[in-house]
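These are my notes from going through one structure, entry by entry. I began with the chains and then went down to single residues.

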There are 4 protein chains.
Amino acid sequence: MSKGIKIVTIGGGSSYTPELIEGFIKRYDELPITELWLVDIEAGKEKLEIIGSLAKRMIQKAGVPIDVHLTLDRREALKDADFVTTQFRVGLLDARAKDERIPIKYGVIGQETNGPGGLFKGLRTIPVILEICKDIEELCPNAWLVNFTNPAGMVTEAVLRYSNLKKVVGLCNVPIGMKMGIASAMDVEPSRIHVDFAGLNHMVFGLNVYLDGVSILDSVIERMTDPNNEMTMKNISGLAWEPDFIRALGVIPCGYHRYYYKTSEMLAEEIEAAETVGTRAEVVQKLEHELFEIYKNPELDIKPPQLEKRGGAFYSDAACSLINSIYNDKHDIQPVNTRNNGAIASIPNDSAVEVNCVITKEGPIPIAVGDIPVAARGLVQQIKSFERVASEAAVTGDYQTALLAMTINPLVHSDKAAKQILDEMLAAHKEYLPQFTQPVKV
Amino acid sequence: MSKGIKIVTIGGGSSYTPELIEGFIKRYDELPITELWLVDIEAGKEKLEIIGSLAKRMIQKAGVPIDVHLTLDRREALKDADFVTTQFRVGLLDARAKDERIPIKYGVIGQETNGPGGLFKGLRTIPVILEICKDIEELCPNAWLVNFTNPAGMVTEAVLRYSNLKKVVGLCNVPIGMKMGIASAMDVEPSRIHVDFAGLNHMVFGLNVYLDGVSILDSVIERMTDPNNEMTMKNISGLAWEPDFIRALGVIPCGYHRYYYKTSEMLAEEIEAAETVGTRAEVVQKLEHELFEIYKNPELDIKPPQLEKRGGAFYSDAACSLINSIYNDKHDIQPVNTRNNGAIASIPNDSAVEVNCVITKEGPIPIAVGDIPVAARGLVQQIKSFERVASEAAVTGDYQTALLAMTINPLVHSDKAAKQILDEMLAAHKEYLPQFTQPVKV
Amino acid sequence: MSKGIKIVTIGGGSSYTPELIEGFIKRYDELPITELWLVDIEAGKEKLEIIGSLAKRMIQKAGVPIDVHLTLDRREALKDADFVTTQFRVGLLDARAKDERIPIKYGVIGQETNGPGGLFKGLRTIPVILEICKDIEELCPNAWLVNFTNPAGMVTEAVLRYSNLKKVVGLCNVPIGMKMGIASAMDVEPSRIHVDFAGLNHMVFGLNVYLDGVSILDSVIERMTDPNNEMTMKNISGLAWEPDFIRALGVIPCGYHRYYYKTSEMLAEEIEAAETVGTRAEVVQKLEHELFEIYKNPELDIKPPQLEKRGGAFYSDAACSLINSIYNDKHDIQPVNTRNNGAIASIPNDSAVEVNCVITKEGPIPIAVGDIPVAARGLVQQIKSFERVASEAAVTGDYQTALLAMTINPLVHSDKAAKQILDEMLAAHKEYLPQFTQPVKV
Amino acid sequence: MSKGIKIVTIGGGSSYTPELIEGFIKRYDELPITELWLVDIEAGKEKLEIIGSLAKRMIQKAGVPIDVHLTLDRREALKDADFVTTQFRVGLLDARAKDERIPIKYGVIGQETNGPGGLFKGLRTIPVILEICKDIEELCPNAWLVNFTNPAGMVTEAVLRYSNLKKVVGLCNVPIGMKMGIASAMDVEPSRIHVDFAGLNHMVFGLNVYLDGVSILDSVIERMTDPNNEMTMKNISGLAWEPDFIRALGVIPCGYHRYYYKTSEMLAEEIEAAETVGTRAEVVQKLEHELFEIYKNPELDIKPPQLEKRGGAFYSDAACSLINSIYNDKHDIQPVNTRNNGAIASIPNDSAVEVNCVITKEGPIPIAVGDIPVAARGLVQQIKSFERVASEAAVTGDYQTALLAMTINPLVHSDKAAKQILDEMLAAHKEYLPQFTQPVKV
C-alpha cells in the first residue's frame, strides 16, 4: 500500500455511491486514495456514467487527487486493489419488487433481507459474490472485501463457509443508525454514546448503552416505550413497541425486529402499501429516479441532501470509517459482520455475527460480549439457521434445500405456502438463478 | 426399598390411571409394589373414588398384593415413598378449554403445551410442582419424581432451575408413540425399531431410525411423505407434510411440529373445530365423561379399550418401564426429559432436553447425540427460550416476564396481540395464579 | 453379514491371540464366525504358524465350525471382512525395549503408551494403521475396525483426524481391569459393579462406582488408600497412593495415572528394573518366549493359564463383547475409544476419548458424563494435546512437530532433553520411520 | 468521581510504590487524583513512612495537588475510594524465601506464583483479598479493585468465584515486558508493536505480533531462537530456548514458561543459587534494603533508577494506564486478568484469564482470540486446574484440597513429595494460615 490506495466499488452505479465519495473526500488526509474504480454491469452503464461524472465533480471541487475510473470490466478493475467494496443488486429494484410482492399473495411478508425476499436476494447474490471472491484471490490477494450488499449476514456466512477468502468483512448501517437514533433520543452528541452491539445482521441488539462510559440502558429502554421516540430507521415502519414487552426484553432491538415481534401489524402495513403507494422497492424506484435526475445536473458537485431519504443514512460514515481503521490499524471499535469466534456464546464459533470488533490492519477482532438475553436467543438462532440453509441452497442450487430455508424462515407459517412462494419466486427470478437448473416442480 | 415399593400418584383421579395400574400389574414380578397411593384434591374426590374402586378390582383380579390407598392428603401419602408420579391438571379441563379458546379469538393457536395455552398451563402448574418438590425433600428424600404433567419440558426446566430436588425425570408418550407409528408404518415389530430421539418435549426429533440396528431413516422419511402414513398421534391433526420439506429436513419430526411448520393450516383447523365439535379440551371432556361412566361399572376389572382414544396411548408402557428400569438399575435406553449435560451440542448443558438416556438406579444418563440439524436448531432454541422465560414467570409472578414469554412464543406474531391474550388469560385463570398478585393491567 | 461372520486379525501371531480365540469360541452361539483370518508379516511368520496351529486345535476341541486362515497377504485377508482387529507391534518388542531404555538415559520415563516411548510407538504405528484404513475402505467398506494396538488413544485420534474411515473403535483392557479390580477389592461379583468411565486411553477415571445401582464411590476410594488393595494391573507397579490425595481427587484413577502423579517414584523403579531384571519389554520378551514354547505343544488345545501373567487380562472379554454387541446391536454399555461428541465437556467434540458408550450395530454412542473433576482436567488436556501433536507428527513426518510433541509430554521436563531423546530415538527406530525422510539433525 | 479521584494503595509501603507515584504524576492532566492513601500494616510501618515521605517529595517537586495520606487503618482509607490497588505481601519476603527454599529440599522448584510457592502465597493472600473485597463492598461500592498482588491469576480466580465484587481486574507486568522486549529485539518503537496476548497470568502467550499492523510473528520467533535475544525479564533466568521447539510452538511464550518447558534446567539453577547467592527472595531482600536506604535520602525527589533492577519494570505504566483508561473510558486495548467470557475457547467462560481487553469505564471487555495452540492447551489447563483447586483450598482451609492442589501442580512430580512439601510449608507459614485450623498431619 505504499503508493496510495486503490479502491474498487462493485455496483459503482448505485445511488449510494455519492455517500461513499463524500466519505473518502472527508478522510483524504488519513486515507490517501489515489485510484477509485467504479464497476458496474452493462445494464447499469447509464447510471454508472451519471454517478461517475458526479463523483469526478465532487472530487474536483474538494481538490483531492483521487483518480476515478469507470468500467464494466470487473477483472481489469480488481488488479492490485487494496479494498473492494460491493454494493450491487442482482436484478435491480425490479427483482426486489418481486421479492416483496410475491410472498404477500400468500399472506407472508417479503422482507428483502431476512425474510422470503431475503432468501431470493441471497440466492441471486451469493454466487456472484463467490465469483468476486475468486477474482480477488487471483487478482488482488491482499485486498479486503468490504461487503455492503444485502442480505449482508447471509452473504458473510456464505463467504466464510464457501470461499477461501480470509479478508472479508460485512457492513451494515443499522448499528450506526441505532447509535445515532439513541443519541438523538437522549439529546446528546453521538460521540458520547457507546453501544454494546451483538446479534446478527438486521437482527442486532444493543445489549447495553453508555453515556460517557456510564450505562444508561434503562433510560434508553424507557425512551423507546414512547411511541414518538426517534430511534426508528427511515426505511422501516415506526410501529410502536409494546412498552412492557420492551422493558422485559431488557435490551435494545433494531428496527428490523419489528418484522418478527410485530409480524401481524407489519404484514398489514405491507399489504396496504402494496395496494396503495407500492412496496418499498417501488417507492425506492421512484426515489432513485428522482435522485438520478438530480445527479445528472452538471452544476451539482456535492452529495445532494435528498439522498438521505433513501434509507442508507450513515453508510458513508460506517464504510469509510471501517476502511480507514483497517488501513491505519486504528484498533478502534466498530460493529461489523465477521466470524463469531466465541464472542457470542450461543452462536457457533464459525458462524457470521454482527458484533462490536476491534478494527485492525489484519481485520476485525470480535469483542466477547457473553451472550444475548435468553428470550432473544431463539429468534436469533432461527435467523442463523435460515442464513446457513439459505447459503447452502444458493451454492448448491438444490430445490429441497431452498424449500427448507423458506419453510424455517420465521415469517413463513406453512410448509405448503413455503412451497407455493418458492415455486412462484423461482419462476419469476429464473434468469438470475442459473444454479437452479432443474425444472421448477410446480 | 427392602420391603416392597411405595408409589404415590398425584392426580390419581385422572382417567389415565387405569393405564398405570395395568402397567404395574404386568410388571409385578420385577417391580414388587406393595403400596400405591392415589392422591387428589377435594374437587377431584368423586373421580378419585371411581378410579380407586376400579384399580382395586383390577388388582384383585390380577391377584397381586398391591395395597391401594386413596387420599386427599398429599403429605400423608408422600411419607417414605419410593416413586412419586405427577399427572394432575390444575383447573381441570375447563382451564384447558380456556387455554385453547382465548388465543383463537386473537388469531393465535392455543396449544396447551408449547403455545400460549402451554404458557398458562405452566403458570398454573409449576408453583404446585415446586411445592411437591419441597414436600418430597422433606418427607421422602430418596424418592424419584416422575412427572407426566404437561407442559413436561417446561416443568422439568423449572424443577432443574428452581428446586433442590435432584431425583426428577420428565416423561412424555410422544417418543414411544413415534416409535410405534414407525413400526406400524414399516410393518415390523416395535421391538426391532430403535430411534435416536433428541430435542425438547413436544419438539423432539427422530435423528435416525434403525431396523435391527441398520439405519432405515430414508425409507421412513419417504413413508412420511405419504399423507396416509400411520405416524400420527391420535390427539393431533394428521395434516400431510410437504414431501420435499420433510425430505430436506432429513430427520423425523413429531406430531407437534405441525403447529410450527403448518401454523396456518393448524390454526384454520382449530378455528373450525372450535366453531363445530369444540376444542380438543371440550372433546376430551366428553370422552372423559364417557370413560368415567364405563369405569363406574362394578363388573369392570380391566382397563377398558375405550381409554386408548383418549390420546395417552403408551403412557403406561413408558411410565412403568421407566420406573422399572430405575428400580432394577436396568441400564436400558429410554427417551426422557432430563438435564442436557452435553448430549445435544446447541442446547445449554443445564437445560432440560428430551433425549435418549441410559436408565439407571441413580437416574437417567443422556446419550451424546451430537446435534440436531442446523435447520431445526432455531425452532428448538425458540421453544427452549420460551420454556425458560415462562418458568421464570411462573416462579416470580412477574407480569412483564409473562408478557415476554408470550411474545417470544413462535405461535404468537405480535407483541400487541401477546398482551391482549395475556391479559384476558390472566383474568380468566385468576384463581389458579396466586403468584400474579398485582392487579392485571388491562 | 448373512452367511456368517468373517473376522480378520492383523498381528495374528501375537501371544494374545489365544485369548481372542477363546472368546470367540465361548460366544459362538451369538456370534457365528465362519472365517477367522490371522494376518502377520514375514518377520512374524513362525509365530503366526504356532498361533495358527494352536487356534485350530482349540477350535477343533470346541467343535465350532470356524475356518482359520493364516496369511502374510493382508489385502487378500481383508476382502469382504466384517470385522478387522489390529493388535500388531511395529518393530516388535525390540522396538519397545528401545522406547523404554533410551529416555531413561536422560532421566525420563519411557512409558510405551502416553510417554516418550508412546510417541515413538505412535510414530511407527499410525502410518501403518492409516494404510490399513485405506485397504478397508477399498476391500471391505462395511467392516468395523477394532483397534487394540497401543497407543490406542493416539491411534484413534489419528484415525478420526486423518482417515475417511467412519467405522472405527479403539479398545483397551484398562477399564475392564479396573472394574474387575474393584469387584475383587469389594469382594462382590463383577456383574454387580458398574463404573462411569471417562477420560482418555490410559488416562481414564472411574467417575463413580455403583454396586447394584447404588453409589459406593466413597468406599472404593477408601479401599484404594489401602496400599494392599487389589486394584492394580499386572503390568504396572502397584506403588501406593497418598491417601489424602486420592480422597481429595474424589474419583478412581487408573494404574497408568501413577506415571503422572508418582513420576519420581516410577522413574526410580524403572531405572532400577533396567539395571536388574530388565525393562518391561525385556521381561515380556522372556514371558513371550516361554509362552510360545507352551503354545507349540501339540497336545495343548485350550488357552494356557500362563497367558494371564502377560498383562492383557480381560482383553478377550473386552474385545469379543464389543464385537458381539456391534454384531447383535445389543445397546449395552462398554467403555471404548471414540469421538467425544459432547460426552466430556472439557474435551473438544471431535477428539477421541475413552468413555462409556452404548454399543450398537452402527457403532458406539458415548454417554454424556458431564465432566471430569477440575483437578484432573489439566493432566487430561495435556495428554490430549500430546496425542494430537504426536498424531500430526506421525502423519507429516515433521521433525519440529515431533519435537513439540516430545517437549509437551508431561513426563518430559526439558526442551533440551526432549531434543536429545528425540534425536537418539529417531536414529534408533530409523527403519520403521520412513516418513521422517530428512536427515536427523543431531 | 466529580471532585477528583481518590486512590487507595494497600501495601503502600512496597518498594514499587515510587513507580506508581511517578505514573500518577505523569498522567495528572488526564487523571486528576486528589487523594492518594497509602495503607500498610503495623509490621510495615517504617517502610510506609519512608515511602510516604518520598512520595510527598516527588509530588511536591512535580507541582501537582495530590494529597498523600499514610495510614495503618485500611477501613478508614477505603471510605469512598474510586480505585483500590493491592500490592501487599502477606509474610513479607521472609515468607517468599520459605516458599522458595522448602520445595527445593524435595527436588521441586518453589516458584512463587504458579508453583508450590505460589500455592502458599495464594493460601496466605486470598483470605486477605476477600476481606478487602468485603470492605470495598461496604465502604466504596463503586470503586475498582486493581490487584497487582501475586499470584495475580489465582487471586483473580478466587475473587471471581468467592466474592460478590464485580469491579475487579488483575494486572501483571509480564505482557508489557514482553512487548517491550520484542520492540527492543526488533529495534523499533514499542508504540508500533501490537501483541495478541492470551493465556493465564504468568502463563500468557503472544499469539501474534504486529509491527504497524502487519504480522511479524515469524521474525520474532526466529529472533527468540537466538540465545542472546533481549526478550527476557530481569527476574527470570534467561536460559535459551531450544530453537526447533520454539518454532514448532509457533507463538511467543513468556519468561515464566521456562519453569515448565525447562524444568530440569531451572531447578538446577535454583538449587545452585540457593547454595550461593541465595534464592530470588533473598536477593530481592538485599535489593530492597538498598532501595530503602536510597529512598530515605531526603534529597531524593524522583523515582531512583535503581528501582528497575527490582523486576517490576513497567508496572507503573501498566497500572496507571489501566486506571486512566477505566477513568476516562478510553476503549483502548490492554492485557489484563478478567473473566474469560468466551475469549479463549478452551477455557471455561467463568474462569480468570489474562487476555487483551477493551478497557472501558465499566471495566475490561475481553477480545475473542479464538484459542491458544493445541500444543499449549494442556499446560494452560493444568495451571488453570491448579489455580481453581488452590483457590478453593485457600477459602476452605481444607487440608486434602491443599494436597490436591500441590500434587496436580506441573512442577511437582510425586504425591508423596507433595505431601511432604505441603506439611513442611503449612508448619512454616502457620501464623499466616489461620484458616488451616486443624493440626497439620505430619
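**Which chains touch**

I looked first for a contact between chain A and chain C and found none; their closest C-alpha atoms lie 13 Å apart. The model is a predicted one, and I read every value below with that in mind. Chain B and chain D do not touch either, and their nearest C-alpha atoms are also 13 Å apart.

**Chain A against chain B**

I then turned to a pair that does meet. In chain A, 36 residues are in contact with 36 residues of chain B. I noted a buried area of about 3400 Å² between chain A and chain B, with carbon and sulfur atoms giving 56% of it. On the chain A side I looked up the top three residues: Glu242(A), His413(A) and Asp415(A) supply 18% of the area that chain A buries against chain B, more than any other three residues.

How many salt bridges are there between chain A and chain B? I wrote down four. One salt bridge I looked up joins the side chains of Lys262(A) and Asp415(B), at 2.6 Å from N to O.

**Chain D against chain A**

I repeated the look-up for chain D and chain A. Here 25 residues of chain D are in contact with 25 residues of chain A. The area buried between chain D and chain A is about 1800 Å², and 57% of it is on carbon and sulfur atoms. In chain D, the residues that lose the most area to chain A are His331(D), Glu362(D) and Ala368(D), together 26% of what that side buries. I searched for salt bridges between chain D and chain A, and the count is zero.

**A strand pair in chain D**

I stayed in chain D and picked strand β10, residues 332–339. Six of its eight residues are buried, so I entered β10(D) as mostly covered. I found that β10(D) pairs with strand β11, residues 352–360 of chain D, in the antiparallel sense over eight bridges. As one position to check by eye, I took Ile333(D), whose bridge partner in β11(D) is Val358(D).

**The loop before α6**

Next I looked at peptide bonds. In chain A, Asn150(A) and Pro151(A) are joined by a cis peptide bond, with omega about -5°. Pro151(A) sits in the loop between β5 (144–147) and α6 (152–162) of chain A. I found a cis peptide bond between Asn150(C) and Pro151(C) as well, with omega about -5°. Pro151(C) is in the loop between β5 (144–147) and α6 (152–162) of chain C.

For chain D I looked up the surroundings of Asn150(D), which is in the loop between β5 (144–147) and α6 (152–162) of that chain. Is Asn150(D) buried or exposed? Its relative accessibility is 13%, and the limit for buried is under 20%, so I entered Asn150(D) as buried. Leaving out residues up to four places away in sequence, Asn150(D) touches Glu112(D), Thr113(D), Lys121(D), Thr125(D), Asn201(D) and His202(D).

**Positive phi outside glycine**

I noted two residues under this heading. Asp80(A) has phi near 60°, a positive value in a residue other than glycine. Asp80(A) lies in the loop between α3 (74–78) and β4 (83–86) of chain A, and it is exposed, with a relative accessible area of 52%. Asp187(B) is not a glycine, yet its phi is positive at about 60°. I placed Asp187(B) in the loop between α7 (174–186) and β7 (193–200) of chain B. Its relative accessibility is 68%, so Asp187(B) counts as exposed.

**Aromatic rings**

I searched the whole structure for aromatic pairs and got 20 over all chains. One that I opened is Trp241(C) with Phe245(C): the ring centres are 6.3 Å apart and the planes are at 40°, so I entered the pair as tilted. Trp241(C) and Phe245(C) are both buried. Tyr256(C) and Tyr259(C) form a tilted pair too, with 6.0 Å centre to centre and 35° between the planes. I noted Tyr256(C) and Tyr259(C) as buried.

In chain A, ring pairs link Trp241(A), Phe245(A) and Tyr261(A) into a cluster. My last entry is a charge over a ring: Lys6(A) lies over the face of Trp37(A), at 4.7 Å from the ring centre.

How values were computed:
Residues are numbered from 1 along each chain as its sequence is written. Chains are lettered from A and ligands numbered from 1 in the order in which they are written. This is a predicted model: local features need pLDDT of at least 70, side-chain atom pairs count only at pLDDT 80 or more; totals for chains, interfaces and linings use all residues. Side-chain values use heavy atoms; hydrogens and water are left out. Helices (H or I, at least four residues) and strands (E, at least two) are DSSP runs, numbered from the N terminus. Buried means under 20% relative accessible area, exposed over 50%, partly exposed in between (1.4 Å probe, protein chains only). Two strands pair if DSSP finds at least two bridges between them. Rings of Phe, Tyr and Trp (its six-membered ring) pair if their centres lie within 6.5 Å; planes under 30 degrees apart count as stacked, over 60 as edge-to-face and the rest as tilted. A charge sits over a ring if NZ of Lys or CZ of Arg is within 6 Å of the ring centre and within 35 degrees of the ring normal. Contact means heavy atoms within 4.5 Å. Buried area is the accessible area (1.4 Å probe) that two parts lose on being put together, summed over both.
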